[in-house]
Amino acid sequence: MRFLKEARYSLHVAFHPFDGFWDLKYENKGKLRIALVILLAVTVTMILNRQYAGYVVNFNHPLELNSFDELKYIVLPFLLWCVANWSLTTLMDGEGKFEEIVIATGYAMLPLILIYLPNMLLSNVITLREASFYYLLESAAALWFVWLLFIGTMTVHQYTVTKTIMTMLLTVVVMGVIIFLGLLFFSLIQQIVSFVYTIYQELSLRA
Amino acid sequence: MKIKRAILLLAAVLLFAGLSPKLAHASPYEGYTYSYWGETVHSPIAYLPSKTITGQNLGIGPWRSPADIFAALDGHLYVLDSGNGRIVVLDSEWKVVRQMKEFQNNGKQDGFNNPEGLFVTESGHIFVADTENRRVVELDSSGAFVREISAPKSEVISSNFEYFPRKVIVDKAGRIYVVARGVFEGIIEFDSEGGFTGFMGTNRVQFDPVDLFWKTVSTKEQREKLIRFVPIEFNNVDVDLDGFIFTTTADKQTFAPVKRLNPSGIDVIRINGNIGPVGDLSRNRSAFIDIDVSGNGVYRTLDSTRGRIFTYNEDGNLLYVFGQLGNQQGTFKNPVAIESSGNRVFVLDRDQGRITEFAATKFGSLVNEANGLYSIGKHDDAAKLWKEVLRLDANYEMAYIGIGKSMLRQGEYKQAMTFLKLGNDREYYSKALTKYRREYMREHFGIYMTVLIPLILVVIAVRRSMRLRKGELKKDAVSQGG
């Protein structure tokens with residue numbers, strides 16, 4: 001019952017973002033588990049969408065569908081966003097804690113479920129001529145998500161509008177930097193591993 | 001006991017299966033097509049080599065670097081034996097009908113010098129692009145000289161213009177089109193009198209942004225050393241029965257190597273799928289060197305990269321692929337020209353000096369026939385043949401589309417949707433869906449409404465009663481508090 005109440009609150013956030021995100025932070029109404037449930041639900045929605053969206057708008061090659069890709073395209077960017085945003089805002093006097101960032105980002109993703117699921121059902125009965133309606137709804141979902149993310153970031157860190165926009169853009173840049181560093185790290189590790197392995201081979205062949 | 005016998009039987013069967021030779025592949029190449037997703041898909045072989053013909057076979061001495069062939073409407077095959085400067089005419093039984101080597105030009109003995117192109121009109125007049133002699137020669141059907149058309153003269157052509165005609169075609173109105181070496185302006189067009197009228201169908205200049213970037217940052221000296229942006233020259237032409245001119249461009253960069261030019265020189269080729277007629281979809285792209293138009297808008301292109309023949313229908317859908325470079329019979333060393341007549345295809349190999357004749361297999365002729373019916377709009381007749389095609393090749397997307405369209409016409413919308421989906425035709429799938437949706441709603445609207453309206457009423461009633469109870473509770477609370 002309490003979980004349901006918390007879940008209903010996420011709807012309140014989606015429709016009344018200013019009020020919602022404020023209470024989220026200062027009334028402790030945001031719950032980490034709800035944010036994570038939303039993240040999971042978004043992933044599932046996207047997987048379903050790839051598989052079951054109507055043929056007219058579905059350009060996925062059925063043999064190339066892979067649910068793990070959604071982790072790569074949703075869960076990984078989500079975590080990257082939170083880490084990048086947290087790293088950045090600590091330097092830019094943001095007030096948000098890491099947990100609050102995760103919660104706000106999670107709650108902001110709700111529109112993706114709210115619109116994508118009905119849209120997926122709709123796409124099965126529309127024709128090519130009506131497909132633009134489907135794409136319109138899709139972009140509406142994206143805009144709504146970005147809008148919520150914007151309000152969320154602004155409220156969590158107590159920023160001004162321009163500073164929020166700057167922060168969001170910089171966060172994207174930082175995400176790129178993190179990916180770059182990650183790849184660099186992995187490639188170096190790989191080289192070290194192969195180096196050690198070569199030495200081991202050399203020694204074992206000599207012995 | 002039973003088990004033992006069964007095992008023995010199984011062992012015997014396995015032994016025989018192991019001993020019996022593997023099925024021999026009668027073809028030196030594999031059949032394949034590309035799916036909607038651009039993946040290679042195995043396909044039955046549409047054409048198999050049935051015969052190879054060389055000059056020695058015919059007893060007229062070997063052909064020396066033959067450059068072109070032409071299959072005339074009467075079934076005769078004309079071979080342009082460039083190295084020997086002669087034209088050899090063969091009938092459909094592969095007997096030599098005639099050889100033309102020399103002719104009387106204004107009382108003088110004249111001949112060809114390394115000609116590269118050949119065309120025969122309906123009336124049997126032979127046009128030869130006599131490359132090194134820098135002229136186009138017209139002979140009548142007996143091989144007698146009629147006239148020669150030399151370099152175009154016009155103010156738009158610069159005085160140091162070097163004219164080397166390579167290919168020639170003549171349309172029904174007698175206009176002569178010449179593809180010449182190093183001419184980037186397009187096809188040279190002459191009127192029936194042999195007077196120059198202009199260029200047509202110029203290729204667009206290709207450039208890519210990277211080149212453009214380097215060009216802007218480089219100095220003037222560097223710029224002069226860079227390759228200039230010039231349009232690509234055509235390398236071959238053919239004309240179809242309606243007078244449209246098909247051209248090919250041997251450029252591995254372009255995504256429009258095949259053009260279908262209308263009389264005013266505008267490209268009107270139809271590309272229905274998401275992949276146009278570009279040959280192989282690999283990094284090392286195909287380079288088309290000849291094109292042949294057969295009936296019903298079907299055209300075949302000859303690729304010099306891998307020696308393959310790609311056959312497309314009028315919508316630009318790939319029908320089948322055959323041929324390959326190699327040393328076996330049915331493969332080529334240096335294929336240069338392609339022609340077709342009925343269900344037979346001829347490919348001329350320049351280095352080997354021979355013609356390979358291909359005959360359609362059961363699959364090939366089924367596809368040809370089905371596509372023929374399909375292109376003239378006889379979808380229902382075509383559907384029967386497409387079903388046969390599917391029995392031989394369940395991956396054949398065109399067949400699914402063909403059957404789907406036929407079902408759409410017959411009003412079987414649901415089934416049409418299934419087939420059109422298998423054939424990946426979203427446009428027609430969408431049409432079928434529109435019809436199916438309407439039909440479905442007409443049948444089921446009543447049921448849905450009879451369920452929906454009471455449901456809405458119940459929801460409204462429940463909500464109202466809940467609200468009433470809440471109101472009473474509040475009232476109670478207020479009265480108790482007061």
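What percentage of the 207 residues of chain A count as buried? I looked this up before anything else, keeping in mind that the model is predicted. The figure for chain A is 41%.

**Entry: chain A overall**

I listed the secondary structure of chain A and got eight helices and zero strands. Read from the N terminus, the order is α-α-α-α-α-α-α-α. I then took the radius of gyration of chain A, which is 21 Å, whereas the globule rule gives 17 Å for 207 residues. The value is well over the rule, so I note chain A as more spread out than a compact globule. Along the principal axes, the C-alpha atoms of chain A fill a box of roughly 70 × 50 × 40 Å.

I also checked sequence separation in the contacts of chain A. Among contacts with a separation of 6 or more, 77% join residues 24 or more positions apart. For the surface, I found that chain A exposes about 12,500 Å², with carbon and sulfur atoms supplying 72% of that area.

**Entry: helix 5 of chain A**

I went next to helix 5 of chain A, residues 98–108. Nine of its eleven residues are buried, so I record the helix as largely enclosed by the rest of the structure. The buried stretch that I wrote down consists of Glu100(A), Ile101(A), Val102(A), Ile103(A), Ala104(A), Thr105(A), Gly106(A), Tyr107(A) and Ala108(A). I looked for what covers these residues, and the cover includes helix 1 (2–15), helix 2 (17–26), helix 3 (32–52), helix 4 (67–91), helix 6 (110–123) and helix 7 (131–157) of chain A.

Glu100(A) has a charged partner. I found a salt bridge between the side chains of Lys25(A) and Glu100(A), at 2.8 Å from N to O. Lys25(A) belongs to helix 2 of chain A and Glu100(A) to helix 5 of chain A, so the pair ties together parts that are 75 residues apart in sequence. Both Lys25(A) and Glu100(A) are buried.

**Entry: salt bridges in chain B**

I searched the whole structure and counted 27 salt bridges over all chains. I looked at two pairs in chain B in detail. In one, Arg86(B) bridges to Asp81(B), with the closest N and O atoms 2.7 Å apart. Arg86(B) has a relative accessible area of 8% and is buried; Asp81(B) is buried at 0%. In the other, the side chains of Arg175(B) and Asp171(B) meet at 3.1 Å, N to O. Here Arg175(B) is partly exposed, at 31%, whereas Asp171(B) counts as buried at 9%.

I also noted a network of salt bridges in chain B that links Asp110(B), Asp130(B), Arg135(B) and Glu148(B).

**Entry: Asp290(B)**

Which side chain of opposite charge is nearest to Asp290(B)? I found Lys167(B), at 6.1 Å. The cut-off for a salt bridge is 4 Å, and Asp290(B) has no salt bridge although it is buried.

I placed Asp290(B) in strand 21 of chain B, residues 288–293. Its side chain does reach a backbone atom: the nitrogen of Ile338(B) lies at 2.8 Å. Setting aside neighbours within four places in sequence, I listed the contacts of Asp290(B) as Asp68(B), Asn236(B), Thr248(B), Arg300(B), Thr301(B), Leu302(B), Val336(B), Ala337(B) and Ile338(B). Ile338(B) therefore appears in my notes both as a contact and as the owner of that backbone nitrogen.

Definitions and conventions. Residues numbered from 1 in each chain as written. Chains lettered and ligands numbered in written order. Predicted model: local features only at pLDDT ≥ 70, side-chain atom pairs only at ≥ 80, totals over all residues. Heavy atoms only, no water. Helix = DSSP H or I, 4+ residues; strand = E, 2+ residues; numbered from the N terminus. Buried < 20%, exposed > 50% of the residue type's maximum accessible area, 1.4 Å probe, protein only. Lys, Arg positive; Asp, Glu negative; His and termini not counted. Polar contact = N/O pair within 3.5 Å; in protein donor to acceptor, adjacent residues only side chain to side chain. Contact = heavy atoms within 4.5 Å. Rg over C-alpha atoms; globule rule 2.2 N^0.38 Å. Areas by Shrake-Rupley, 256 points an atom, 1.4 Å probe, with all protein chains shown as cover.
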